[in-house]
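User: Please take a close look at one part of this model: the enclosed empty spaces and the helix packing beside them. What lines each space, and what packs there?

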Amino acid sequence: MPKAPTPRERVRAEFTREIKDAARRHLAEHGPAGLSMRTLAKDVGLVSASALYRYYPGRDALLTALIADAYDALGGAADAAADPFDGTDHAGRWLAVCRAVRDWALAHPHEFALVHGSPVPGYTAPEDTTGPGTRLPLLIGRLFQEAAAAGAYRPLGDPAVPAPARAALAPLLDRLPPGTPAHLVVSALAAWSDLLGALALELFGHLARITTDPGAYFDHLMHRTGALLGLASPAASPS
């Protein structure tokens, strides 16, 4: 059995959550570049910024924690949408994941911008963010792998990946299990790119004069992306 946290540990964990909640409010008001440890310390009732360093050694460490939390929350929303699956409707499963990601992004636009917007000046994300940051693309890759295993992956045209593109993806392909089809990886990456691109256009205001119903447009676009990349619906499966 895991050891129960001590009262002091519980207080520290609660105050750490309070710090991060205050930091998210700062992100919404000032953006990542305007995140000030001095101002944040005052907002959470600390006498000086130096007291805040007992919890986070600097702005970058706090940003890293916020980024990891955002990636994990986004990945959790996507995982929850992918889990209730009947084993046949792979296209519907993809659309459910897309909708869950959009719902999370609309509810947390500043956190979405933190992880999928412009880089924060002067900040370089450490390895700590790699695991959380790969949750969504790895999930999408799993959707395509499972569709392929079930015979429900039928991309339009020739899916072969030319040598230059395969070489360009070597850092990724070399980390995957041997024999992973490169064309399947490219399809998953394209789906991930289309999903994030559609959300960025919507959240950053680029669709304001293009559509009166962003949700309906998003559903159509993601359904089309899935179909073009080869995710077949049950109706399209052979009898």
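**Cavities and a helix pair**

Analyst: Start with the largest cavity of this predicted model. Its lining is made up of Tyr71, Leu74, Gly75, His116, Pro132, Gly133, Arg135, Leu136, Pro137 and Trp192. Three elements each give two or more residues to this lining: helix H4 (59-82), helix H7 (130-133) and helix H8 (135-149). The space itself comes to about 50 Å³. Sorted by class, its lining has six nonpolar residues, three polar and one charged.

The structure holds two cavities of 30 Å³ or more. The second largest has a volume of about 30 Å³. Around this second space sit Ala198, Glu202, Leu207, Pro214, Tyr217 and Phe218. Here H11 and H12 are the elements that give two or more residues. H12 gives the most, with three residues. The class count for this lining is five nonpolar, no polar and one charged.

Now the helix pair at that second cavity. Two packed helices are described by the angle between their axes and the distance between the axes. H11 covers residues 182-203 and H12 covers residues 214-229. They pack at an angle of about 165°, and their axes lie 10 Å apart. An angle over 145 degrees counts as roughly antiparallel, so H11 and H12 are roughly antiparallel to each other. Their crossing is right-handed.

Next, the residues that meet. From H11 come Ser187, Ala190, Ala191, Asp194, Leu195, Ala198, Leu199 and Glu202. From H12 come Pro214, Phe218, Leu221, Met222, Thr225 and Leu229. By class, this contact has 10 nonpolar residues, two polar and two charged.

Put the contact and the second cavity side by side. Ala198 and Glu202 of H11 take part in the helix contact, and both also line the second largest cavity. Pro214 and Phe218 do likewise from H12: they meet H11 and they line that cavity. Tyr217 and Leu207 are also among the lining residues.

Last, the setting. The chain has 12 helices and zero strands. Along the sequence the pattern reads α-α-α-α-α-α-α-α-α-α-α-α. Its C-alpha atoms fill a box of roughly 70 × 50 × 40 Å along the principal axes. Within that chain, H4, H7 and H8 each give two or more residues to the lining of the largest cavity, while H11 and H12 do so for the second largest.

Terms used:
Residues numbered from 1 in each chain as written. Predicted model: local features only at pLDDT ≥ 70, side-chain atom pairs only at ≥ 80, totals over all residues. Heavy atoms only, no water. Axes fitted to C-alpha atoms, helices over the stretch in contact; angles between N-to-C directions. Helix = DSSP H or I, 4+ residues; strand = E, 2+ residues; numbered from the N terminus. Parallel < 35°, antiparallel > 145°, perpendicular 65-115°, else oblique. Left-handed = near helix turned anticlockwise from the far one by under 90°. Contact = heavy atoms within 4.5 Å. Nonpolar A, V, L, I, M, F, W, Y, C, P; charged D, E, K, R; others polar. 1 Å grid on protein atoms, 1.4 Å probe; cavity = no way out; pocket = protein on both sides within 12 Å on 5 of 7 lines; lining within 4 Å. Points joined across faces, edges and corners; volume = space filled by probe spheres on them.
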